[in-house]
Amino acid sequence: MEHPAAQQILNLYQRHADAFVRLRSRALFEKSWLDKFLAAVGKPGRILDMGCGTGDPIAAYFIAGGYALTGVDGSEAMLAYARAQFPAQRWLQQDMRGLALGETFDGLIAWDSFFHLTQADQRAMFAVFARHSHPGSALMFTSGPGDGISMGEFEGEPLFHASLAPEAYRALLAEHGFTVLEMRAEDPQCGGHTVWLAQKTA
């Protein structure tokens, strides 16, 4: 049975968008990984940011670099911030799990968003990644370091996280035509994030 907190993720961010804006670090501690991702994307490039939130600071970094950005998020309140800051980009209120835009992108990123999905939904997301990719497309996402569920807290409410085992991610990436370029578990240079960078090769 699905954990009740997993069903509340979109609602949680919708209700607490203002708090997220207030608390989200803009120090861009992710920069080294974002630069690796952009090197794989190439330029000019079109990027699909799944779970983009307010667009700041990650989408903002891509936009400043001259990339065309399509941001997808399930929270309209979060997207309102993105649209206000970056009106020239495309912002779509959609659940990433059912995404079917009918187009491909040079880069796909799901940073601190993919890991809010249940394990079953994460497995299903690799087909979503694949249908929005073409040979050469880069894919980067964050996960947990091992198989299991981890509960956090945001604004006094439970915040759901889940992860598959590393070997499961490797198998799913291979099954859908992606080759792992780099993976780092709990990277101390990136706030302890576990990061996957892959490229579509088939």
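These are my notebook entries on a predicted model.

**Strand 1 and its neighbours**

I began with strand 1, residues 46-50. I checked burial there: 4 of the 5 residues are buried, so strand 1 is largely enclosed by the rest of the structure. Next I looked up its pairing. Strand 2, residues 68-73, runs parallel to strand 1, and 5 bridges join the two. I took I47 as a reference point; its bridge partner in strand 2 is L69. Strand 4, residues 105-110, also runs parallel to strand 1, with 3 bridges between them. Here I noted L48, which stands opposite L108 of strand 4. I kept a general point in mind: in a regular strand, side chains alternate between the two faces of the sheet.

Then I traced the connection from strand 1 to strand 2. Helix 4, residues 58-64, completes a β-α-β unit with these two strands, and the unit is right-handed.

**Cis peptides around strand 1**

I looked for cis peptide bonds. One joins K43 and P44, with omega about 0°. P44 sits in the loop between helix 3 (31-41) and strand 1. Another runs from D56 to P57, with omega near 15°. I placed P57 in the loop between strand 1 and helix 4.

**Positive phi**

Which backbone angles did I flag? D112 has phi near 55°, a positive value in a residue other than glycine. D112 belongs to the loop between strand 4 and helix 6. Its relative accessibility is 25%, so I logged D112 as partly exposed. E186 is not a glycine either, yet its phi is positive at about 50°. I found E186 in strand 8, residues 178-187. With a relative accessible area of 48%, E186 is partly exposed. Why note these angles and the cis bonds at all? Most residues other than glycine have a negative phi, and most peptide bonds are trans.

**Salt bridges**

I searched the whole structure and got 9 salt bridges. I opened the pair E103 and R90, whose closest N and O atoms are 3.0 Å apart. E103 lies in the loop between strand 3 (90-93) and strand 4, and R90 in strand 3, so the pair ties together parts 13 residues apart in sequence. E103 is partly exposed at 22% relative accessibility. R90 is partly exposed too, at 30%.

R97 came next. R97 forms a salt bridge with D95, with the closest N and O atoms 2.6 Å apart. I read 35% relative accessibility for R97, which is partly exposed. D95 is partly exposed at 29%. R97 also meets D121 in a salt bridge, at 3.0 Å from N to O. This pair links distant parts of the chain: D121 is in helix 6 (residues 119-131), R97 in the loop between strand 3 and strand 4, and they are 24 residues apart. I closed the search with a network, in which salt bridges with shared partners join K36, E182, R184 and D187.

**Second largest pocket**

Last, I turned to the second largest pocket. Its volume is about 220 Å³. I listed 16 lining residues, with F115, S143, G144, P145 and H161 closest to the centre. Which elements give two or more residues to the lining? They are strand 6 (148-154), strand 7 (157-163) and strand 9 (193-200). I sorted the lining by class and got 4 nonpolar, 11 polar and 1 charged residues.

Conventions. Residues numbered from 1 in each chain as written. Predicted model: local features only at pLDDT ≥ 70, side-chain atom pairs only at ≥ 80, totals over all residues. Heavy atoms only, no water. Buried < 20%, exposed > 50% of the residue type's maximum accessible area, 1.4 Å probe, protein only. Pairing = 2+ DSSP bridges. Right-handed = clockwise from strand over helix to strand, strands pointing away. 1 Å grid on protein atoms, 1.4 Å probe; cavity = no way out; pocket = protein on both sides within 12 Å on 5 of 7 lines; lining within 4 Å. Points joined across faces, edges and corners; volume = space filled by probe spheres on them. Nonpolar A, V, L, I, M, F, W, Y, C, P; charged D, E, K, R; others polar. Salt bridge = Lys/Arg side-chain N within 4 Å of Asp/Glu carboxyl O.
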